[in-house]
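Q: I have a protein model open in front of me and would like to learn how to read it. Could we go through it together?
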Amino acid sequence: MAEERMTDIGPPHYEQFLPPVIKKNYGKWDYHEILKPGVMVHVAESGDKLFTVRAATPRLLAITTIREFCDIADKYCDGHLRWTSRNNVEFLLTDESKIEALIKEVEGHGFPVGGTGSKLSNIVHTQGWVHCHSAASDASGVVKSVMDELFPYFSGEKDLPAKPRVAYACCLNMCGAVHCSDIAILGVHTRAPVIEHDDLPKMCEIPTLVASCPTGAIRPATVDGRQSVEIIEEQCMYCGNCYT
């Protein structure tokens, strides 16, 4: 039977990791409320309640930090937590009396609680120079500086009429979801790439390199008897695809 088939292809089914209260009331939630910035409650038709405490985290986390979060989740949430697509960590618990102690411990580790409702959520961003070849800038420093200025809108000290979404991308390829955010910060190259004609044939498949350019600015060329490429600079959009 298909349901009995064992396989190591793909991730485990998400149902294995749901808190019991979510499994019990799956698809039967009545409403939710924001109790205060960073704290929500979902109420099921059965009357069961699930409380969520949201805290902002950096995109890059040391394994020691993740273990600290897991220890906190074990202490207050029976081990249940999750990360959102905007790099927030959410602790899921059913005992309302544990919320304040949980918040105190999370913030004691340096992670502020907030970002729910119309409050500013964490900035989603690319990671720049840590792992990307095409980045025109690095995200971490800019994101930290921006969030330092906007922090009162995350913590609830200042109000907003609606939830804004801020994103940062390190180059024009925009893998940081800036195209679907309200405010976009974008790193942009300002010069066409420099070609090392002696090394290029050893490192690149020239047809693939030519095809990588979205504006057709790269063309095959023979330079000093070697197969290479040339760049028509007025067509270059500085995206960095050609050396990714």
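Q: Let me start with one residue: where is tryptophan 129 found?
A: Happy to help! This is a predicted model. Begin by placing a residue among the helices and strands: tryptophan 129 is found in the loop between S6 and H4.

Q: Is tryptophan 129 buried or exposed?
A: Look at the relative accessible area and compare it with a cut-off: over 50% is exposed and under 20% is buried. Tryptophan 129 has 58%, so this residue is exposed. You can also compare sequence with space: tryptophan 129 and serine 140 are eleven residues apart along the sequence, and their C-alpha atoms are 9.5 Å apart.

Q: Where is cysteine 132 found, and how far is cysteine 132 from cysteine 170 in space?
A: Cysteine 132 sits in the loop between strand S6 (124-125) and H4. From C-alpha to C-alpha, cysteine 132 and cysteine 170 are 9.0 Å apart, with their positions 38 residues apart in sequence. Because its relative accessibility is 26%, cysteine 132 counts as partly exposed.

Q: What does alanine 192 show, then: is this residue buried or exposed?
A: Alanine 192 lies in the loop between strand S8 (183-186) and H5. Its relative accessible area is 15%, so alanine 192 is buried. Now set it beside glycine 47: the two are 145 residues apart along the chain, and 61 Å separates their C-alpha atoms.

Q: How do I read the overall form of the protein?
A: Start by counting elements: the protein has six helices and ten strands. Then look at its extent, where the C-alpha trace spans about 75 × 55 × 35 Å along the principal axes. The radius of gyration is 24 Å, whereas a compact globule of 244 residues would have one near 18 Å. Buried residues account for 36% of the 244 residues.

Q: How can empty space be found in a model?
A: Rolling a probe the size of a water molecule over the atoms shows where empty space is left. In this protein, the largest pocket holds about 420 Å³ of space. It is lined by 20 residues, and those closest to its centre are Thr57, Pro58, Asn122, Lys144 and Met147.

Q: Which helix gives the most to the lining of the largest pocket?
A: That is helix H4 (residues 139-155), with seven residues. By class, the lining is made up of ten nonpolar, seven polar and three charged residues. Domain 1 (14-109) and domain 2 (128-186) each supply at least three residues to this lining.

Q: What about the backbone: which phi does aspartate 224 have?
A: Check the sign of phi. Aspartate 224 has a positive phi of about 50°, although it is not a glycine. It lies in the loop between strand S9 (218-223) and strand S10 (226-231), and its relative accessibility of 72% is why it counts as exposed. Tyrosine 238 also has a positive phi, of about 60°, and is not a glycine either. Tyrosine 238 lies in the segment after S10 and is partly exposed, with a relative accessible area of 27%.

Q: Last one: what is the mean pLDDT of the protein?
A: Here is the general idea. Where pLDDT is low, the predicted coordinates should not be read in detail. For this protein the mean pLDDT is 89, and 96% of the residues reach 70 or more. Among the elements, strand S2 (residues 39-44) has the highest mean pLDDT, 98, and helix H5 (residues 200-203) the lowest, 84.

Note on methods
Residues are numbered from 1 along each chain as its sequence is written. This is a predicted model: local features need pLDDT of at least 70, side-chain atom pairs count only at pLDDT 80 or more; totals for chains, interfaces and linings use all residues. Side-chain values use heavy atoms; hydrogens and water are left out. Helices (H or I, at least four residues) and strands (E, at least two) are DSSP runs, numbered from the N terminus. Buried means under 20% relative accessible area, exposed over 50%, partly exposed in between (1.4 Å probe, protein chains only). pLDDT is the predictor's confidence in each residue, from 0 to 100. On a 1 Å grid over the protein atoms alone, a cavity is a set of points where a 1.4 Å probe fits but cannot get out, and a pocket is an open set with protein on both sides within 12 Å along at least five of seven lines; lining residues have an atom within 4 Å of a point. Grid points are joined across faces, edges and corners, and a volume is the space filled by probe spheres set on the points. Ala, Val, Leu, Ile, Met, Phe, Trp, Tyr, Cys and Pro count as nonpolar, Asp, Glu, Lys and Arg as charged, and the others, Gly among them, as polar. Domain bounds come from an automatic or database domain assignment. The radius of gyration is taken over C-alpha atoms; the globule rule is 2.2 Å times the number of residues to the power 0.38.
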